Amino acid sequence: MQNRKKLILSLIALFAANILLILAMKSVPDAQAATFRQGSKGDVVRQIQTKLQNWGFYEAAIDGDYGPKTADAVTRFQRKNDLHSDGIAGTRTLQALGIYLPVSNTNSEQRDNDAELLARLIYAEAKGEPYSAQVAIGAVVLNRMRHPSFPNTMSGVIFQPGAFAEAGKLEKIAAESAKKAALDAISGIDPGFGSLYYYNPRSETNHKMYMRETVLDIGSYRFCL
């Protein structure tokens, strides 16, 4: 009987500890995983500002500079969406904004293979297009890898049925510009500001694409969410 009581008490203590751990994890501020706060600069900050401006939280210039106005807009967005309101765009805040950062791959051989595959897709889809369009197409692939609605691997995204018109006709060697564009996209450069889709308005036959939110046009392509 005594051993049974000890077992019950141990189970109760373990259950209570797990509950406390879960509550502690939920209360951890977004800032601990954040990479974007006051002082941050770059394309992701432009994406943050663009999203916030589209939703009426931000009225200043989209300049890629995470200043006090951007932090204030992020704070108001966080409050509106029941997030930890610290003005810092961490993982949960970025996901709520619809921004998914490129996936890091710690396996160098796999990373090289992914970069080569991405370059081949970029070359097939965008040879003759402006360099920024090539980088933006690469970024679409990376954005999809982080989005829950798509596969989370480079090959999974690229060879997803119907995803890319030229995926079945990839050449074995990509041009140097496509290789550089792939590396820029993998490093986090995103001229399409978080776009998940792109199409050529002159030739696209899928009318659903025209219903998507347009981000911008680059060369022959329209990038959208």
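Tutor: A strand here is a DSSP run of E with at least two residues, numbered from the N terminus. The model is a predicted one.

Student: Which strand gives the most to the lining of the largest pocket?

Tutor: The largest pocket holds about 480 Å³ of space. Its lining has 21 residues, and those closest to the centre include G162, A163 and E204. The leading strand spans residues 197-199 and contributes 3 residues. That strand is β1.

Student: How many residues in the lining of the largest pocket are charged?

Tutor: Take the other classes out of the lining. Nonpolar residues number 10 and polar ones 5. What remains is the charged group, with 6.

Student: In what order do the strands of the open sheet stand?

Tutor: Work from the pairings. β1 pairs with β3 in the antiparallel sense over 3 bridges. β2 (residues 214-218) joins β3 (residues 221-224), also antiparallel, through 4 bridges. The sheet of 3 strands therefore has β1 and β2 at its edges, each with a single partner, in the order β1-β3-β2.

Student: By how many degrees are neighbouring strands of this sheet turned against each other on average?

Tutor: The pairing in this sheet is antiparallel. Direction is ignored for this angle. The average turn is 25 degrees.

Student: Which residue of β3 stands opposite D217?

Tutor: Start at the neighbouring pair: I218 faces Y221 in β3. Y199 stands opposite R222. D217 also has its opposite in β3, and that residue is R222.

Student: Which residue in the hairpin of β2 and β3 takes a positive phi?

Tutor: β2 ends at residue 218 and β3 begins at residue 221. The hairpin has 2 residues between the strands. A phi near 60 degrees belongs to G219.

Student: Which helix lies across β1, β2 and β3?

Tutor: The helix spans residues 131-146. Its axis runs at about 30 degrees to β3. β3 stands between the other two strands in the sheet order. The helix across all three is α6.

Note on methods. Residues are numbered from 1 along each chain as its sequence is written. This is a predicted model: local features need pLDDT of at least 70, side-chain atom pairs count only at pLDDT 80 or more; totals for chains, interfaces and linings use all residues. Side-chain values use heavy atoms; hydrogens and water are left out. On a 1 Å grid over the protein atoms alone, a cavity is a set of points where a 1.4 Å probe fits but cannot get out, and a pocket is an open set with protein on both sides within 12 Å along at least five of seven lines; lining residues have an atom within 4 Å of a point. Grid points are joined across faces, edges and corners, and a volume is the space filled by probe spheres set on the points. Ala, Val, Leu, Ile, Met, Phe, Trp, Tyr, Cys and Pro count as nonpolar, Asp, Glu, Lys and Arg as charged, and the others, Gly among them, as polar. Two strands pair if DSSP finds at least two bridges between them. Axes are lines fitted to C-alpha atoms, for helices over the stretch in contact, and angles run from 0 to 180 degrees between N-to-C directions. Contact means heavy atoms within 4.5 Å.
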